[in-house]
Amino acid sequence: MKPKSPTRKSNLRAGHRNGRPSLPEEERQSYVRHTRYNEAENTLLLANVKRTGMKNVSEYIRSVTLNPHIVPRLDESEMRIARNLSGMSNNFNQLLRLCHQRGLDAMARDVQYYLNRFRELFAKLSS
């Protein structure tokens, strides 16, 4: 019995190749980035891949890194405004509690002061 010659060699001589056709140069993914994960991170990564319904981890990582939803951090002046706003909202809540206890007429001046301060801070935060 004569052994069969490998298909690959015969196809190569004829100018044909087996398998998937080559991608055009601009579509080839030739850069590989290695990332290390611990057990908990890997479990979370795989759960996220499954939840999104993507085919594999590479597709998920590529999608997340190339199309990120990045929320910029607040700068120092915005942080100061946020802290002031937080402190003032706490004071305002306490003021409203006093208004309910003592009546709105007795607290009208204090309420107006804090409302004006809130408006100033919101105007700064909006611009």
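I take helices to be DSSP runs of H or I of at least four residues, numbered from the N terminus. On that basis I place F92 in helix α4. The model I am reading is a predicted one.

**Entry 1. Overall content**

I looked up the secondary structure and found five helices and zero strands. Read along the sequence, I get the pattern α-α-α-α-α. I then looked up burial for the protein: of its 127 residues, 12% count as buried. For contacts, I took those between residues at least 6 apart in sequence; of these, 36% join residues at least 24 apart.

**Entry 2. Helix α4 by itself**

I checked the length of α4 against its residue count. With 27 residues at 1.5 Å a residue, α4 should span 39 Å, and I read 38 Å between its end C-alpha atoms, which agrees. I noted the buried residues of α4 as I81, L85, M88, F92, L95 and C99. What covers these buried residues of α4 includes α5. Just after α4, I found G103 with a positive phi of about 100 degrees.

**Entry 3. α4 against α5**

I describe two packed helices by the angle between their axes and the distance between the axes. For α4 (residues 76-102) and α5 (residues 104-126), the axes come within 10 Å and cross at roughly 160 degrees. Angles over 145 degrees count as roughly antiparallel. I therefore enter α4 and α5 as roughly antiparallel to each other. The crossing of α4 past α5 is left-handed. I sorted the residues of the contact of α4 with α5 and have 17 nonpolar, three polar and four charged.

**Entry 4. F92, from the α4 side**

Is F92 buried or exposed? I read a relative accessible area of 17% for F92 and record this residue as buried, because the cut-off is under 20%. Leaving out residues up to four places away in sequence, I find F92 touching Y114, L115 and F118. I also looked up the pair F92 and V111: these two are 19 residues apart in sequence, and their C-alpha atoms are 7.8 Å apart in space.

**Entry 5. Y114 and R117, from the α5 side**

Y114 has its place in helix α5. Which residues does Y114 touch, not counting residues up to four places away in sequence? My list is M88, N91, F92 and L95. Among these, M88, F92 and L95 are on my list of buried residues of α4. The C-alpha atoms of Y114 and M88 are separated by 7.6 Å, with their places 26 residues apart along the chain. Y114 has a relative accessibility of 21%, and I enter this residue as partly exposed.

R117 also lies in helix α5. At 29% relative accessibility, I count R117 as partly exposed. From R117 I went to L85, which is 32 residues away in sequence; C-alpha to C-alpha, the two are 9.1 Å apart. L85 is one of the buried residues of α4.

**Entry 6. α2 against α3**

I next took helix α2 (residues 39-52) and helix α3 (residues 57-66). Their axes are 10 Å apart, and the two helices pack at an angle of about 85 degrees. The range for roughly perpendicular runs from 65 to 115 degrees. I therefore enter α2 and α3 as roughly perpendicular to each other. On the α2 side I list L45, L46, N48, V49 and T52 in the contact, and on the α3 side V57, Y60 and I61. Divided by type, the residues of the contact of α2 with α3 are six nonpolar, two polar and no charged.

**Entry 7. Y60 in α3**

Y60 has its place in helix α3, and I had listed this residue in the contact with α2. What does Y60 contact, leaving aside its neighbours within four places in sequence? I find L45, N48, V49, T52 and M54. The first four names there, L45, N48, V49 and T52, are also in my list for the α2 side of the contact. For the pair Y60 and N48, twelve residues apart along the chain, I read 8.4 Å between the C-alpha atoms. With a relative accessible area of 13%, Y60 goes into my notes as buried.

How values were computed: Residues numbered from 1 in each chain as written. Predicted model: local features only at pLDDT ≥ 70, side-chain atom pairs only at ≥ 80, totals over all residues. Heavy atoms only, no water. Axes fitted to C-alpha atoms, helices over the stretch in contact; angles between N-to-C directions. Parallel < 35°, antiparallel > 145°, perpendicular 65-115°, else oblique. Left-handed = near helix turned anticlockwise from the far one by under 90°. Nonpolar A, V, L, I, M, F, W, Y, C, P; charged D, E, K, R; others polar. Contact = heavy atoms within 4.5 Å. Expected span 1.5 Å × (residues − 1). Buried < 20%, exposed > 50% of the residue type's maximum accessible area, 1.4 Å probe, protein only.
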